[in-house]
Amino acid sequence: MSDETLVKVQGLQKHFPVRSGLFGRVTAQVRAVDGVDFEIHRGETLGLVGESGSGKSTTGRAVLRLIEPSAGSVHFDGVDILSLDSGALRRTRARMQMIFQDPYSSLDPQATVADSVGEPLRVHRGLRGRARDDAVVELLETVGLQARHLRRFPYEFSGGQRQRICIARALAPSPDLLVCDEPVSALDVSIQAQVINLLEDIQQEFGIALLFISHDLAVVRHISDRIAVMYLGRIVEIGEAEQVYTQPRHPYTEALLSAIPVPDPVVQRRRDRIVLDGDIPSPLAPPPGCRFHTRCPYAMDVCREVDPPMIPMAGGGVACHLHDRGPRLHGRSVLEIEPRSRAAEPVHANVKP
Amino acid sequence: MTTLIVNEEVMDEVRADPLLSVENFAVEFATGHGWSRVVDDVSFSVRAGETMGLVGESGSGKSVTAMSIMRLIPTPPGRIAAGRILFEGQDLLALDEPQMRKVRGNHIAMIFQEPLTALNPAFTIGDQLVEAIRAHRKVTRKQAGDRAAELLDLVGIPGARQRLRDYPHRFSGGMLQRAMIAGALACSPKLLIADEPTTALDVTVQAQILTLLRGLQQEFNMAMLFISHDLGVVADICDRVAVMYAGQIVESATVYELFERPLHPYTEGLLLAMPQHGKPTDRLVPIPGVVPEAASVADRCRFETRCRYAADECRAAPVPLTSYGPRATRCVRSKDLVLGGTS
Ligand SMILES: Nc1ncnc2c1ncn2[C@@H]1O[C@H](COP(=O)(O)OP(=O)(O)OP(=O)(O)O)[C@@H](O)[C@H]1O
Ligand SMILES: Nc1ncnc2c1ncn2[C@@H]1O[C@H](COP(=O)(O)OP(=O)(O)O)[C@@H](O)[C@H]1O
Ligand code: SF4
Ligand code: SF4
Ligand SMILES: [Mg+2]
Ligand SMILES: [Mg+2]
């Protein structure tokens, strides 16, 4: 990993129009991604976590320009990819690959492994016939499969093996960036560990940067160097993985951590838990002020009116009034204060010295 | 060799009559090449008021076991090949469909992973709850409507009476699961079977539903058969746990014993594979390989192809489930292996 920036995303927005009525008029906008900034360094793994509908997949797809952002910019290796014409975009895309959650639907059921993995080798490296098959075998061995799998079809493989095939296919054009959208969420825990180890090995060997999207903070913490936490189309906290996981600065991160059950009954049953009220609100009409205020155990009056800006901090930043107008945590962990729902006293009185 | 300490207090409970007792149970499905046994020699029990966990990876036979208790297995292609399922001493497999319908809903209720698929999109939540209530209780529509509102309120849906008029698509996943739980509670069942009730939900909503289930269970002294693939959830909510692998139970124990000192290498493997295990910089410890075809391991320990402790004796014959006091395991080496847990 280096400090050299590979991907720089600024002010990214993606709004999907909602049409209704006889004439299909646009009646509303789903603000799936609503102003997101982050960087990914060469060879780094940035984890992107958040609950369903928070905008993780949309962010991942916009970074590769698989969908057109509504606003903002994406620079890849210094080039503004939103300004590229289709030819230039195709050449750049070879260096940015994607793997998906569902290894079943992302492979062509009619195509053999040799064809699936071989196609990008033909397109991007001009390999054919024997040379192509040799290169495919090399990739299969990299992901823990063998030459004897070359002529087999997707249905002949288990979920974990299919995800290995998808990874081999993504590696074929020698990318600099791999966007992984929930790559292990459909896999059983024992197989999940195999695939995560494989992704880590590949990253070590080829120095590829990963944007690792997942709803599972425990998995993300394991694989990531830094973690960005999304809520309703925004990044609410970004920082070093260890800091985010053990010293969260944002109340939503704290709640997310508290909700993951620990696989140890003794610890799990003694933990102090925060159970959030209600569901994630609709991205059609995000709450005014801080988007988390409807569920936040620390919400203050200002939170209902003023949208908290991202405040830069060591290793990342946080968007929460606790760090500017509130009890002035100034970047310290939110674990230092008692949530209002648990504490009888006003939030301010509970800041530990 | 290590000795397994038998806690007499726990043994007394074991000897008490269980509410549900599944004995040497087997289910087969017709395939192109004959019958395939997907649940084999499964035995476990659930006592009044307790939560029994059934944990295992996808395809291990958890749902087929649960559906069999409710007698909801499609026959054909399925058939019950062996065993008994005793509920309060009565063999459910001997009941005819009208008798079984009385058991379902009156004594045993079930909730599923995908609540939306269990509801009819064309009817309101209220209509469906009223129907569930009136199927088992002789009450007027009005009374059933009041009861439905009460139940929705009980499961924590704000503005319950108004929400009765909503169609399922207006409910979020978490609210649908609450509505399903309300429906299941309609007849105060003695046993609730919950098949991965939080798997499709976000973790913050999962935490809400687990809290709700725990509270309701205490309030109504209801037993639960809680099915999950997530060991964290199991650690949170279960009293005892049975671990399934390739159609069989390979280990059962109290939740504390299981996590502190598993007796079966597969259980140990599942615990070690979790990303929370060890330091975050440690490499993960997967279980190598994949679940084999049942037929290819029929003559030996089914876990032998993936077990790090496999020895010649493991390949000699199929391994029976052996009890050690309140615990049981399906491993020939259980007496000489000392396995590690997370507790
Ligand atoms: N093509 C589309 N048209 C309209 N709305 C969309 C479209 N794609 C996504 N959305 C909406 O945008 C929001 C963000 O979706 P996205 O798929 O990015 O979420 P996510 O964080 O990846 O969620 P999950 O964890 O469920 O995968 C959601 O409300 C979703 O319904
Ligand atoms: N209706 C069916 N027909 C044929 N096979 C089935 C049917 N239902 C389940 N099975 C098979 O039974 C096995 C156990 O399935 P299941 O109980 O659903 O697993 P789990 O719930 O543990 O993920 C699997 O191999 C599955 O494919
Ligand atoms: S800004 Fe206010 S409502 Fe938002 S997370 Fe911070 S304390 Fe909670
Ligand atoms: S019987 Fe042998 S192969 Fe099977 S779980 Fe025990 S040690 Fe492993
Ligand atoms: Mg997604
Ligand atoms: Mg199932």
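**Close-up 1. Who sits around ligand 3 in this predicted model?**
Let's start with the ligand pocket of chain A. There are 13 residues around ligand 3, and the ones that come nearest are A:C290, A:C296, A:C303, A:C320 and A:H321. Sort the shell by class and you get ten nonpolar residues and three polar ones, with no charged residues.

**Close-up 2. An open sheet of eight strands in chain B.**
Follow the strands across and you'll read the order β6-β7-β8-β3-β9-β10-β12-β11, with mixed pairing. Which strands stand at the edges? They are β6 (108-111) and β11 (322-324) of chain B, and each has a single partner strand, so one side of each is left without a neighbour in the sheet. Going from one strand to the next, the twist averages 20°.

**Close-up 3. Zooming in on β6 and β7 of chain B.**
Here β6(B) meets strand β7 (residues 191-195) of chain B, and the two run parallel, joined by four bridges. Want one residue pair to look for? B:A109 has B:L192 in β7(B) as its bridge partner.

**Close-up 4. Helices against the chain B sheet.**
Helix α9 (residues 203-220) of chain B lies across three strands of that chain: β3 (51-55), β7 and β8 (223-228). Helix α9 of chain B runs at about 160° to β8(B). Helix α12 (residues 265-273) of chain B packs on the sheet too, touching β9 (240-245) and β10 (248-254) of chain B. The direction of α12 makes about 100° with that of β9(B).

**Close-up 5. A salt bridge between two helices of chain A.**
How many salt bridges does the structure hold over all chains? The count is 45, and this view picks out one of them. The side chains of A:D115 and A:R132 meet at 3.3 Å, N to O. A:D115 belongs to helix α3 (residues 113-125) of chain A, while A:R132 belongs to helix α4 (residues 129-142) of chain A. The pair links distant parts of the chain, with the two residues 17 residues apart.

**Close-up 6. The annotated domains of chains A and B.**
In an unreviewed entry, UniProt lists "domain: ABC transporter" at residues 7-257 of chain A. That span is 37% helix and 29% strand, and its end C-alpha atoms lie 28 Å apart. For chain B, UniProt places the feature "domain: ABC transporter" at residues 20-271, again from an unreviewed entry. This chain B span is 41% helix and 28% strand, with its end C-alpha atoms 28 Å apart.

Technical notes. Residues are numbered from 1 along each chain as its sequence is written. Chains are lettered from A and ligands numbered from 1 in the order in which they are written. This is a predicted model: local features need pLDDT of at least 70, side-chain atom pairs count only at pLDDT 80 or more; totals for chains, interfaces and linings use all residues. Side-chain values use heavy atoms; hydrogens and water are left out. UniProt positions are given in the numbering used here, feature names are shortened, and annotations may be inferred rather than shown by experiment. Two strands pair if DSSP finds at least two bridges between them. Axes are lines fitted to C-alpha atoms, for helices over the stretch in contact, and angles run from 0 to 180 degrees between N-to-C directions. Contact means heavy atoms within 4.5 Å. A residue is near a molecule or strand if one of its heavy atoms lies within 4 Å of it. Ala, Val, Leu, Ile, Met, Phe, Trp, Tyr, Cys and Pro count as nonpolar, Asp, Glu, Lys and Arg as charged, and the others, Gly among them, as polar. A salt bridge is a side-chain nitrogen of Lys or Arg within 4 Å of a carboxyl oxygen of Asp or Glu.
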